Amino acid sequence: MKKERVPGRCVAWALCVLWMAFIYMMSATPGDVSAAESGLLTTVVLRVFSFVFGSESIVDAGKVEFFIRKAAHMTEYAILFILWHRALRLSGARHPALCAFAVCVLYAAADEFHQSFTPGRGPSLTDVAIDSAGAGLALLGTRLFHKAVSQTAST
């Protein structure tokens, strides 16, 4: 594996730090503000469903909001995995995927602990599992991607 220039590695690590800061800031958002933000997105999704299907009764607003919130958790940690995986790979780590996954799981646990100090929020082992699942799906996706690329390159 060829080593990337130092500026490329620096950018990769900076993106990791910035994304972790973003997750931290989202977790520091009080519960009522967070609920209002996801409620706004839920309203948009419900309006789209109503426009497409002609009725709002097709979906339960509570279920849609739950799905949106959990999908956001998974997406945040899938992105975190991808950023860490790239930074570790560019830095020559021996097992970048496993290390990136471990970082994501540990950060998810630390993030939930952080939420215990945020008004209107609290820690949730379920959210740690959902965050970890997002990182796990990204791990699986990167493995499949690299396998496909290597098969294409060898043909």
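Hi everyone, let me start with helix α2, where G31, S34, S38, T42 and L46 are buried. Those buried residues of α2 pack against α3. Before I go on, please keep in mind that this is a predicted model.

How far apart are the end C-alpha atoms of α2? They sit 32 Å apart, and with 23 residues at 1.5 Å a residue the helix should span 33 Å, so the two values agree. Right after α2 comes G54, with a positive phi near 80°.

A word on confidence, since we are already on this helix. Mean pLDDT for the protein is 89, and 94% of its residues reach 70 or more. Among the elements, α2, residues 31-53, has the lowest mean, at 83, while α4, residues 96-115, has the highest, at 97. As a general caution, predicted coordinates should not be read in detail where pLDDT is low.

Now across to α3, which covers residues 61-90 and includes K70. Is K70 buried or exposed? Its relative accessibility is 18%, and the cut-off for buried is under 20%, so K70 counts as buried. Leaving out residues up to four places away in sequence, K70 touches D127 and I130.

Next, the pockets. The largest pocket holds about 480 Å³ of space. It is lined by 22 residues, and the closest to its centre are S34, R69, A72, H73 and R121. You will remember S34 from the buried residues of α2. Which elements give two or more residues to this lining? They are α1, at 6-27, together with α2, α3 and α4. The biggest contribution is from α3, with 6 residues. If you like to think in terms of residue classes, the lining of the largest pocket splits into 9 polar, 8 charged and 5 nonpolar residues.

The second largest pocket has about 160 Å³ of space. Its lining is made of H85, R89, R94, H95, P96, A97, L98, T142, R143 and H146. Here at least two residues each come from α3, α4 and α5, the last of these being residues 125-154. By class, this second lining has 4 polar, 3 nonpolar and 3 charged residues.

To pull the threads together: α3 is the helix that the buried residues of α2 pack against, the top contributor to the lining of the largest pocket, and one of the elements supplying at least two residues to the second. Thanks for listening, and I'm happy to go back to any of these on the screen.

Technical notes: Residues numbered from 1 in each chain as written. Predicted model: local features only at pLDDT ≥ 70, side-chain atom pairs only at ≥ 80, totals over all residues. Heavy atoms only, no water. pLDDT = per-residue confidence, 0-100. Helix = DSSP H or I, 4+ residues; strand = E, 2+ residues; numbered from the N terminus. Buried < 20%, exposed > 50% of the residue type's maximum accessible area, 1.4 Å probe, protein only. Contact = heavy atoms within 4.5 Å. Expected span 1.5 Å × (residues − 1). 1 Å grid on protein atoms, 1.4 Å probe; cavity = no way out; pocket = protein on both sides within 12 Å on 5 of 7 lines; lining within 4 Å. Points joined across faces, edges and corners; volume = space filled by probe spheres on them. Nonpolar A, V, L, I, M, F, W, Y, C, P; charged D, E, K, R; others polar.
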